[in-house]
Amino acid sequence: MVEALGDVLAGPLHAPSADGIAALRAELDVAARAATVVGGWSEAEPLRLSKHLVTGLLRCPRRALSERGERNPRGQAEGQERTGPCEDRGAGDDVVMGSMVDAAAKLATVSPRQSVTVDAALAFLTALGDTTVADHLADLGPAAARLIADAAARIDRLARSGLAGVDPGWWPRVEDPVRVVLAGGAVTVAGRIDVLLGGPPTGRPGVIVEVKSGRWYDGMRADGHLYALMVALRDGEAPASAVTIVSDGTTNVEPIRPALLQHAAERLDEAIGVAARLAAGEPPAMSPGAHCQHCPVRPDCTVGRGWRLEAAEDRS
Amino acid sequence: MTVDDPVGTADRLRAAVAEQIAGALAGAGVPVGDIYVGWGAALEAATCAARYRGRGELGWAFPGWSPPLAGGACGRAALAHHMAQADLAGRPATLPTPLDAIRTWMRALRTAGDASAGGAPPPERSSVGDWICETWEAGDFATLAAVAATAGRWLAGFVRVLGWPLPAQLTLLNAPGPAAVAAPSWRPDKASPVTVACGADARLGRVTRAGGFVLVVHRVTTADDGAIRDRAAFEAAAGALGIGVVPASVLVSGGDTGERVTAPVDHDLLALGADRIAAVVSQRAIATERGFEPADSTPSTSCRHCDHLAECPPGQAWMRLAERWRGGLPVN
């Protein structure tokens with residue numbers, strides 16, 4: 001853990017060799033083609049994966065499928081990422097909080113001289129055509145005050161992360177789109193990197209920055225790993241580092257090594273395999289864990305309910 | 001079959017498309033207002049004719065500038081300004097830093113004509129430049145920041161995928177200033193309500209009667225832009241109509257995928273593009289009598305966000321299926 005992004009950019013950064021990237025793509029393509037035979041996908045009707053879905057399929061397939069049936073609160077297209085981990089609030093508040101923190105981080109990145117407040121983040125979101133947050137807060141009325149105060153505290157902590165004031169030579173860009181197409185288009189993995197620094201053609205090593213609105217937990221690292229892999233496949237050059245900035249004040253820095261890229265590729269391979277079996281009609285496996293606490297199908301899931309009971313007994 | 005007579009082929013294409021357009025307009029129940037045929041309209045008319053017809057006058061018209069819509073225009077303008085400044089100083093352009101290039105262009109817009117501003121060359125006026133000035137004067141800094149985000153994304157992706165220095169003989173299209181030229185556009189005749197606009201971002205090579213030049217189309221994201229061949233076909237035909245010479249190929253790049261795909265222009269590609277152009281005018285003409293009609297719909301993922309879903313049984317049927325199957329996976 002380090003204090004701020006500036007420490008990362010000032011320190012030595014070494015991107016891993018590009019030697020193994022083509023082999024990773026080839027391996028993933030072979031796996032995706034094999035899975036396509038089982039899953040029945042095509043270029044016209046592909047499997048569309050996002051970082052959220054990859055994590056979901058590996059964590060608990062049943063929950064991953066059930067979440068796809070939920071109304072998408074931010075109106076993203078398929079394959080786009082939803083931000084904001086679950087907190088102990090309703091899903092609407094959770095997504096809204098994620099959006100506000102996310103927008104504040106991006107505004108700080110592109111407009112470093114502007115003080116970033118909740119109002120500024122809301123105006124930025126609205127200017128980009130996303131009125132979901134403003135609408136949600138308006139619907140809440142006076143009850144929105146607590147949410148806004150919470151967001152302000154998180155944004156204040158975020159302001160100390162060093163996102164504002166990054167040297168322009170790092171080419172700070174927000175929501176950088178990345179998409180990996182496998183098996184001739186039958187399998188796609190898409191996402192938007194919160195903030196991307198360096199990388200081709202800047203002559204500086206690439207640094208992926210992911211912004212999270214909740215509390216730090218180790219599972220957040222996987223998103224950075226997947227994006228590092230996707231950027232490597234897109235650019236033919238792996239980033240040097242993945243930085244996760246969390247609104248609880250945590251900044252996690254992870255140097256990207258070939259083994260991490262390999263691990264991310266193996267996770268993606270496994271997720272595609274799980275998806276293929278689900279698409280072929282196999283019932284989704286239920287894998288209980290801490291995620292059960294916020295699962296939308298919890299009331300109907302004996303496995304999940306059982307896990308919570310055991311966990312509660314352990315605590316007592 | 002490749003095109004061996006770029007000028008003659010473009011002439012014949014103009015005649016053929018003009019005839020198709022005239023035929024479509026003649027079938028309209030009432031005179032048709034201005035029709036702007038760009039790739040967005042062509043894609044929508046081809047993917048769901050009913051939805052395109054249902055947009056109405058406001059939907060067919062230019063919706064006005066907004067940060068998402070202005071990303072490409074501002075990114076090109078900022079890059080063109082950056083290159084023009086270097087040219088004026090008699091030095092090769094350095095690698096632009098996206099946010100700096102955009103801010104420099106915006107400041108130059110604001111100080112254009114201001115003698116106290118010093119040596120910065122005033123960017124030539126443009127619709128998007130005027131909008132930026134108005135936004136600045138209104139003190140709407142959230143919108144300016146949002147433009148910096150979207151334009152920076154365009155500029156960064158364009159330079160990353162095409163490489164720096166930019167390819168030799170690259171000329172930016174559809175951007176103001178001396179380092180760029182206007183995008184090709186074409187009207188069948190002076191009185192026609194139809195304008196066909198080529199959406200290429202750049203051109204590689206000079207336009208000569210021998211053809212040989214390449215149109216460059218940069219897509220920030222590729223998932224919702226249709227097939228590469230369709231996009232290349234439209235831009236090849238629109239470019240040939242506007243320039244009067246058929247391009248040798250269309251280079252389609254993807255910011256999200258990093259891909260660069262070259263589509264050689266042949267007669268089949270031009271015919272496909274011409275059909276896409278004619279289809280827009282045809283649907284617009286039909287819309288004078290029949291707006292949205294479910295029987296003409298083509299359900300797809302677009303149904304999720306379609307304003308006509310409530311009155312579209314095919315779309316609703318598709319959505320019922322989509323509720324059980326989404327993005328290649330069943331929904332439980």
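Buried area is the accessible area, found with a 1.4 Å probe, that two parts lose on being put together, summed over both. In this predicted model, chain A and chain B bury about 3,500 Å² between them, and 61% of that area is on carbon and sulfur atoms. The model as a whole scores ipTM 0.91 and pTM 0.92, while chain B averages a pLDDT of 92, with 96% of its residues scoring at least 70.

**Where the chains meet**

Begin by selecting both chains and looking at the surface they share, where 47 residues of chain A are in contact with 39 residues of chain B. Across this interface there are 8 residue pairs in polar contact, and the count of salt bridges between chain A and chain B is 2. To see one of them, select Asp235(A) together with Arg160(B), whose closest N and O atoms are 3.6 Å apart. Now colour the elements of chain A that each supply at least two residues to the side touching chain B, among them β1 (47-49), α5 (91-110), β2 (173-182), α9 (221-235) and α10 (258-279). Of the elements on that side of chain A, β2(A) gives the most, with 8 residues.

**Along chain A**

Move next to Ala183(A), in the loop between β2 and β3 of chain A; the phi of Ala183(A) is near 50°, a positive value in a residue other than glycine. Then go to the loop between β3 (187-197) and β4 (207-212) of chain A, where Pro201(A) lies, and select Pro200(A) as well, since the peptide bond from Pro200(A) to Pro201(A) is cis, with omega near 5°.

**Along chain B**

Turn to chain B and select the loop between α8 (141-162) and β2 (170-173), which holds Pro165(B). Here a cis peptide bond joins Trp164(B) and Pro165(B), with an omega of about -5°.

The last stop is helix α5 of chain B, residues 67-89, and a distance drawn between its end C-alpha atoms gives 31 Å. How does that agree with the span expected of its 23 residues? At 1.5 Å a residue the helix should span 33 Å, which the 31 Å between its ends agrees with. Follow the helix to Ala73(B), where α5(B) bends by about 30°, and then continue past its end to Gly90(B), which comes just after α5(B) and takes a positive phi of about 70°.

Technical notes: Residues are numbered from 1 along each chain as its sequence is written. Chains are lettered from A and ligands numbered from 1 in the order in which they are written. This is a predicted model: local features need pLDDT of at least 70, side-chain atom pairs count only at pLDDT 80 or more; totals for chains, interfaces and linings use all residues. Side-chain values use heavy atoms; hydrogens and water are left out. pLDDT is the predictor's confidence in each residue, from 0 to 100. Helices (H or I, at least four residues) and strands (E, at least two) are DSSP runs, numbered from the N terminus. The expected span of a helix is 1.5 Å times one less than its number of residues. The bend at a residue is the angle between axes fitted to the seven residues ending there and the seven starting there. Contact means heavy atoms within 4.5 Å. A salt bridge is a side-chain nitrogen of Lys or Arg within 4 Å of a carboxyl oxygen of Asp or Glu. A polar contact is a pair of N or O atoms within 3.5 Å; within protein, one must be able to donate a hydrogen and the other to accept it, and residues adjacent in sequence count only if both atoms are side-chain atoms.
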